[in-house]
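Here is my note on the model, set out point by point. Please keep the structure open beside you as you read.

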Amino acid sequence: MSEYVITTDSNSDIPREYKEKHGITIIPQYYGFGDTVYGDEKNLSPAEFYQMMAEGELPTSMANNPAVIREKFEVLLKEEKDILHIAFSSALSGSYNNVVMVAEELQEEYPKRQIIVIDSLTVSLGETLLLLGALEKQAEGASIQEVADWLTAQKSNIHIQFTVDDVNHLYRGGRISKTASVVLGIVNIKPLLKITEEGTLAALGTIRGRKRSLSTLVNNMKSEIKEKGKSKRVGIIHANCQEDADYVAGLAKEVLPEAEIIINDISPSIGTHAGPGALGICYFIER
């Protein structure tokens with residue numbers, strides 16, 4: 001069985017310690033302010049990025065770069081390693097298609113190697129939860145195809161719900177209407193949203209007040225887990241609101257005391273559309 005590596009993109013929001021522990025190759029996603037593009041060697045810290053947004057600067061997000069994908073994959077292929085890549089949802093970005101295009105080109109150039117690209121149909125720590133599960137399967141001796149089959153079967157069991165603090169960023173991204181953004185902002189109603197099984201963004205409802213919106217995320221997870229099973233990991237993602245993330249982590253620990261809680265910043269390329277104060281919860285009910 002050929003040696004293989006599992007890779008992903010920076011939209012997975014994988015914490016640094018996991019990346020370094022497993023030596024994960026990350027395909028960068030890009031974002032920009034004005035004419036300045038960030039995302040690879042040049043980056044802003046999450047605090048810097050969200051502070052710029054809070055001060056009124058409007059960022060843009062971009063897909064990955066095929067030339068960079070090729071460069072990073074070729075390093076692995078020249079080491080005679082096969083590649084299993086977990087990609088950001090194709091329903092929300094063209095990044096998956098870029099990886100597939102490069103993979104097909106490289107497959108012709110390296111016919112003895114295998115490159116499998118999985119459309120995760122999820123985002124952020126949802127990708128990371130799949131990645132960690134895949135790494136466990138790999139450590140148990142599963143082949144690249146067996147892990148790919150497992151990912152395909154399990155990706156619909158990733159659940160992500162989130163809320164935002166400022167609905168104007170959702171309006172700018174075309175997620176809600178101008179009228180809705182005005183109404184929600186005036187009455188302090190916070191939208192609840194989710195990533196669907198098809199990898200798209202959908203509304204769950206609204207809650208009045210920030211704290212209630214945060215606790216509702218955990219209550220929704222509790223109800224779903226009670227119905228469907230357990231999650232051994234819970235991911236909490238936030239856009240420069242660490243205190244709120246810690247609060248949600250505490251609530252999640254009460255629901256799943258044995259679970260590993262992973263907290264990380266929302267990457268700028270996703271945060272462009274969510275804005276400062278966005279917070280989400282991710283969990284994986286494997287079946």
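1. The largest pocket comes first. In this predicted model, 27 residues line the largest pocket. S10, I14, R16, K19 and N43 lie nearest its centre. Four elements each give two or more residues to this lining: α1 (16-22), β2 (26-27), β12 (260-265) and α11 (268-274). Helix α1 supplies the largest share, four residues.

2. Next, the pocket's volume and chemistry. The largest pocket holds about 760 Å³ of space. Its lining divides into eleven nonpolar, seven polar and nine charged residues.

3. Now the enclosed space. The whole structure was searched, and one cavity of 30 Å³ or more turned up. The volume of the largest cavity is about 60 Å³. Which residues line the largest cavity? They are S120, L121, T122, K155, S156, I158, I195, T196 and E197. Sorted by class, this lining has three nonpolar, four polar and two charged residues.

4. L121 deserves a second look. L121 is one of the residues lining the largest cavity. L121 also sits in the loop between β7 (115-119) and α5. Its phi is positive, about 55°, although L121 is not a glycine. Most residues other than glycine have a negative phi.

5. Follow the chain into α5, residues 125-139. This helix has 15 residues. From first C-alpha to last, α5 reaches 21 Å, close to the 21 Å expected at 1.5 Å a residue. Is α5 largely enclosed or largely open? Eleven of its 15 residues are buried, so α5 is largely enclosed by the rest of the structure. Buried here means under 20% relative accessible area. The buried residues of α5 are L125, G126, E127, T128, L129, L130, L131, L132, G133, A134 and L135. Just after the helix, G141 takes a positive phi of about 105°.

6. Now the sheet. Six strands form an open sheet, in the order β10-β9-β8-β13-β11-β12, with mixed pairing. Why is one side of β10 (201-208) and of β12 left without a neighbour in the sheet? Both stand at the edges, and each has a single partner strand, so one side of each has no neighbour there. On average, neighbouring strands of this sheet are turned by 20° against each other, direction ignored. Strands of a sheet pair through backbone hydrogen bonds, either parallel or antiparallel.

7. Look at one pair inside that sheet. Strand β8 (residues 158-163) pairs with strand β13 (residues 279-284). The sense is antiparallel, and the pairing runs over six bridges. To find one of these places, start at I160: its bridge partner in β13 is C282.

8. A second positive phi is found at N240, about 60°, although N240 is not a glycine. N240 belongs to the loop between β11 (233-238) and α10 (242-255). How large is the relative accessible area of N240? The value is 42%, so N240 is partly exposed.

9. Last, a proline. P66 is found in helix α3, residues 66-78. P66 is partly exposed, with a relative accessible area of 30%. How far apart are the C-alpha atoms of P66 and I263? They are separated by 30 Å, and the two residues are 197 residues apart along the chain.

Notes: Residues are numbered from 1 along each chain as its sequence is written. This is a predicted model: local features need pLDDT of at least 70, side-chain atom pairs count only at pLDDT 80 or more; totals for chains, interfaces and linings use all residues. Side-chain values use heavy atoms; hydrogens and water are left out. On a 1 Å grid over the protein atoms alone, a cavity is a set of points where a 1.4 Å probe fits but cannot get out, and a pocket is an open set with protein on both sides within 12 Å along at least five of seven lines; lining residues have an atom within 4 Å of a point. Grid points are joined across faces, edges and corners, and a volume is the space filled by probe spheres set on the points. Ala, Val, Leu, Ile, Met, Phe, Trp, Tyr, Cys and Pro count as nonpolar, Asp, Glu, Lys and Arg as charged, and the others, Gly among them, as polar. The expected span of a helix is 1.5 Å times one less than its number of residues. Buried means under 20% relative accessible area, exposed over 50%, partly exposed in between (1.4 Å probe, protein chains only). Two strands pair if DSSP finds at least two bridges between them. Axes are lines fitted to C-alpha atoms, for helices over the stretch in contact, and angles run from 0 to 180 degrees between N-to-C directions.
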